[in-house]
Amino acid sequence: MWYVMQVRTGSEESIRLQCDKRLSYAALSKCFIPYYEEKKKLQGSWTTLRKILFPGYVFLDAEDICQVAIDLKSIIGLTKVLGLDGEGAIPLTEAEEEFLRQFGGENQVVEMSEGIIEGDRVEIYSGPLKGKEALIKKNRPA
């Protein structure tokens with residue numbers, strides 16, 4: 001089951017590394033940060049950048065969240081596990097977990113999708129948004 005930890009924005013990688021070093025893998029399968037790719041023009045050429053999809057959050061794949069919660073007390077900079085109380089924590093729903101798996105793949109990196117927008121029509125040719133055009137909404141200025 002996947003759980004979400006809230007951390008200080010900018011400390012995500014530090015927290016992930018601490019989890020990898022200090023947490024018991026009997027209770028924790030994986031600690032990860034979902035990323036997305038973005039193309040940006042830098043010094044005249046297009047570069048693909050990798051950015052954190054959810055700044056301020058680190059994800060846990062754990063079967064024994066109670067043991068993980070005890071181990072997390074040794075992590076410096078952790079704010080909290082979302083939904084954690086004395087009884088355990090609330091995991092992501094199966095639908096939320098599946099959605100993130102589909103978009104991020106095995107490495108949890110949402111790659112660039114390619115397509116066109118003509119007026120109100122969106123057509124995606126490749127990438128994780130292919131077939132999910134209905135989810136795409138145009139930002140309108142306020």
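Two residues are in contact when they have heavy atoms within 4.5 Å of each other. The structure is a predicted model, in which local features need pLDDT of at least 70, side-chain atom pairs count only at pLDDT 80 or more, and totals for chains, interfaces and linings use all residues. Residues are numbered from 1 along each chain as its sequence is written, and side-chain values use heavy atoms, with hydrogens and water left out.

**Exercise 1. Describe the overall fold of the protein, from its elements to its contacts.**

Step 1. Begin with the elements, which are DSSP runs numbered from the N terminus (helices: H or I, at least four residues; strands: E, at least two). The protein has 3 helices and 9 strands, and along the sequence they come in the order β-α-β-β-β-β-α-β-α-β-β-β.

Step 2. Turn to the contacts: among those with a separation of 6 or more, 60% are made by residues 24 or more positions apart. One pair that is distant in sequence is Gly10 and Pro55, which are 45 residues apart along the chain and have their C-alpha atoms 7.4 Å apart in space.

Step 3. Add the extent, for the C-alpha atoms fill a box of roughly 50 × 35 × 35 Å along the principal axes. Of the 142 residues, 30% count as buried (under 20% relative accessible area with a 1.4 Å probe and protein chains only; exposed is over 50%, and partly exposed lies in between).

**Exercise 2. Work out which residues of helix 3 are buried and what they pack against.**

Step 1. List the buried residues of helix 3, which are Glu97, Leu100, Phe103 and Gly104. These residues lie on the same side of helix 3, because they cover an arc of only 135° around the axis, the arc being that of the directions from the helix axis to the C-beta atoms.

Step 2. Look at the other side of helix 3, where Glu94 and Ala95 are exposed.

Step 3. Find the partners: the buried residues of helix 3 pack against strand 1 (2-7), strand 5 (57-62) and strand 7 (109-110). After helix 3 comes Gly105, with a positive phi near 65°.

**Exercise 3. Compare Gln43 and Gln108 by phi, by place and by exposure.**

Step 1. Read the phi values: Gln43 has a positive phi of about 50° although it is not a glycine, and Gln108, also a residue other than glycine, has a positive phi near 55°.

Step 2. Locate both residues. Gln43 sits in the loop between strand 3 and strand 4 (45-52), whereas Gln108 sits in the loop between helix 3 and strand 7.

Step 3. Check the accessibility, where Gln43 is exposed with a relative accessible area of 85%, while Gln108 is buried at 4%.

**Exercise 4. Characterise the largest pocket by its volume and its lining.**

Step 1. Start from the volume, which is about 500 Å³ for the largest pocket. On a 1 Å grid over the protein atoms alone, a pocket is an open set of points where a 1.4 Å probe fits, with protein on both sides within 12 Å along at least five of seven lines, and lining residues have an atom within 4 Å of a point.

Step 2. Of the 23 lining residues, the closest to the centre of the largest pocket are Phe103, Val110, Glu111, Ser113 and Leu129.

Step 3. Trace the elements involved: strand 3 (35-42), helix 3 (94-104), strand 8 (114-118) and strand 9 (121-126) each supply at least two residues of the lining.

Methods
Points joined across faces, edges and corners; volume = space filled by probe spheres on them. Nonpolar A, V, L, I, M, F, W, Y, C, P; charged D, E, K, R; others polar.
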